[in-house]
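Please keep the sequence and the coordinates side by side while reading the paragraphs below, which move from charged pairs to a pocket and then to the backbone.

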Amino acid sequence: MSVRWERFAGDTASFAVRLAFLHDPDKGAAASPDMAESWGAFQIWVRGVNLCAHADSGETLHSSHWYLLPILEWLSANWDPLLHEERPPAATPSIRTAAEAGGMASAMALDASGDAGALADREGQWEWNRRHALRTARDGGIVPDVRFRRLRDRVEISWTAARFAGAEGIDFLSPDGTEYAAPAAVAEPLHEVLACAAEWLQKRLPASERCRALVDSVGSLRSVERTEERSAWIAGLGTAWDRIDERWRELRDLGRSLGSSKAFEAAFGSGRSNDVVVEGSCGAALLFGSVSPTITGDDATELARLLLDAYDPSPVDGLADLSFDEPIDPSLRPWTHGYLLADDLLDRIGDEFAGSRVDVEALLDRRGVSLSEVRLDDPDLRAVAFVGGEHPPTIVLNSNHRSAGSARARRFTLAHELCHLLHDRSHGTRLAMASGPWAPKAIEQRANAFAAWLLMPPDSLNSAIAGAESPIDSPEGVSAVAGRLDVSRATLVEHLCNLGYIHEEARDELRPRVGESGSR
């Protein structure tokens, strides 16, 4: 089949798109003129893998072939949430990627419950999936199961080899995977192919209203006014766009009234941006992107005030010599990654801890990290951490969290937030994150593992186990070791299983017997 027009953009080693228009095999008999004109082929490349490669009844095809106009329209219509909306549609511990969120949406669609709340949840799941899943634009075509979303200062691309109804004999060849890329590395190739394809279609069909509307929509993506809307998507203060946009603008107006102009600009000023994507958002958007989308007005005001009050034009960063941005590595399990980071920290500063007990609070004090408490309405939000060019390293604990009365939980939380301050700074310079059920799961799980290793390094753990009178796979043994290490029993059980001291069956049996309110 001859190629009428073709465009390739990007780098196949990281992210690239290839799109071509071909002659309609049905010669326009099965589609409208503008759809027929858009018959073509496309490829999406991620980390050297062609996600569109598939087998059709035993024949290997390297591109997806179909009418491409609906896909181009979907890209343009959903551009801002596709590249800027991070928060998944539900705070579920199992959701770490957009592909996993899409799987949950499919499962919910099968739920026959007529409950009003369940119906609203299903609608929210469907709407989220429609904004992020390429297959929602397939219009009958053979399209890979690929989803895009924002993850802090990167764009996540995740995919599965899942089949879909009506495509028997079709198997996509790439196994399930996830990759993270700089926003511009994804947005610019997508936009180049999208804009050029839209222009070609309009030139071919100058009288087509649909093609003209697509060109106008794509042209609007370069408007500087979209920067504010994109920051609103990152902040995600709501579950529907009109509310997300409204609450973000309300919060910005509030921020102007709460602090000085310099403090406001430091917290709410536009992040690094090019014409088509916000590459690094402002601290306030990053912070609110990790809290509940239905956060109360009082909590939103309090969190904004924290950022504004902490403004310092020349902050001292006592963690600067220890911090480095460590992106999530999809090839590593989060707990393995967290353990490696904590072990590296102990190798570098182990002499700062006196005796066998790791005193995290004393370390934070010596390093000049600001530590305070605030009472928030949300009992699930555990703590907030932020640092940046105009904010000193800061940890704020929520005194209303269910674990707030536990000294052991406080110790674990401080170690968890230390991981964020050290390794989750956007572009290596800035962090603003709230730890709770809506924070990015992989980042939270990694910080949990970091805290567990920091508080229970192997030498200390082995010594505590050796001194216990009861077996480590018994509630009595767990209590004895947890007491010696000054950690919660529940945290210890997970750590023991991760390190192979107990098997998963023993962990599952111990969980309900040693569970503690608010423990990790």
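Is arginine 7 buried, partly exposed or exposed? In this predicted model, arginine 7 has a relative accessibility of 32% and therefore counts as partly exposed. Its salt-bridge partner is glutamate 192, and the closest N and O atoms of the two side chains are 3.2 Å apart. Because glutamate 192 belongs to helix α6 (residues 183–204) and arginine 7 to strand β1 (residues 3–11), the pair ties together parts that are 185 residues apart in sequence. Glutamate 192, too, is partly exposed, with a relative accessible area of 32%.

A second pair can be followed in a buried setting. Arginine 230 forms a salt bridge with aspartate 80, with 2.7 Å between the closest N and O atoms. Since arginine 230 lies in helix α8 and aspartate 80 in helix α3, this pair ties together parts that stand 150 residues apart in sequence. Arginine 230 is buried, having a relative accessible area of 0%, and aspartate 80 is likewise buried, with a value of 4%.

A third pair consists of arginine 154 and aspartate 153, whose side chains meet in a salt bridge with an N to O distance of 2.9 Å. Here the two partners fall into separate classes of exposure, for arginine 154 counts as partly exposed at 21% relative accessibility, whereas aspartate 153 counts as buried at 6%. Returning to the pair of arginine 230 and aspartate 80, one finds that salt bridges with shared partners join Asp80, Arg226, Glu229 and Arg230 into one network. Over the whole model, the count comes to 33 salt bridges.

Side chains of opposite charge can pair when their charged atoms come close. Which side chain of opposite charge is nearest to arginine 411, a buried residue that has no salt bridge? The nearest is that of aspartate 486, at 4.2 Å, and because a salt bridge requires the nitrogen and the carboxyl oxygen to be within 4 Å, the two are not counted as a pair. Arginine 411 sits in helix α15 (residues 407–423), and, leaving aside residues up to four places away in sequence, arginine 411 touches Arg357, Val358, Leu455, Leu485, Asp486 and Val487.

Aspartate 486 also deserves a look for its backbone, since its phi is positive, about 60°, although the residue is not a glycine. Aspartate 486 is placed in the loop between α18 (475–485) and α19 (489–498), and at 22% relative accessibility aspartate 486 counts as partly exposed. Serine 57 is another residue other than glycine with a positive phi, in this case near 55°. Serine 57 is found in the loop between β5 (54–56) and β6 (59–61), where serine 57 is exposed, with a relative accessible area of 65%.

The last stop is the second largest pocket, which holds about 600 Å³ of space. Of the 32 residues that line the second largest pocket, those closest to its centre are Glu85, Arg131, Trp233, Thr239 and Ala240. At least two lining residues come from each of α2 (69–77), α3 (79–84), α5 (116–132), α8 (226–235) and α9 (241–258), and α5 gives the most, with nine residues. Sorted by class, the lining of this pocket contains 15 nonpolar, seven polar and 10 charged residues. Helices α3 and α8, each a contributor to this lining, are also the helices that hold aspartate 80 and arginine 230, respectively.

Key:
Residues are numbered from 1 along each chain as its sequence is written. This is a predicted model: local features need pLDDT of at least 70, side-chain atom pairs count only at pLDDT 80 or more; totals for chains, interfaces and linings use all residues. Side-chain values use heavy atoms; hydrogens and water are left out. On a 1 Å grid over the protein atoms alone, a cavity is a set of points where a 1.4 Å probe fits but cannot get out, and a pocket is an open set with protein on both sides within 12 Å along at least five of seven lines; lining residues have an atom within 4 Å of a point. Grid points are joined across faces, edges and corners, and a volume is the space filled by probe spheres set on the points. Helices (H or I, at least four residues) and strands (E, at least two) are DSSP runs, numbered from the N terminus. Ala, Val, Leu, Ile, Met, Phe, Trp, Tyr, Cys and Pro count as nonpolar, Asp, Glu, Lys and Arg as charged, and the others, Gly among them, as polar. Buried means under 20% relative accessible area, exposed over 50%, partly exposed in between (1.4 Å probe, protein chains only). Lys and Arg count as positive and Asp and Glu as negative; His and the chain ends are not counted. Contact means heavy atoms within 4.5 Å.
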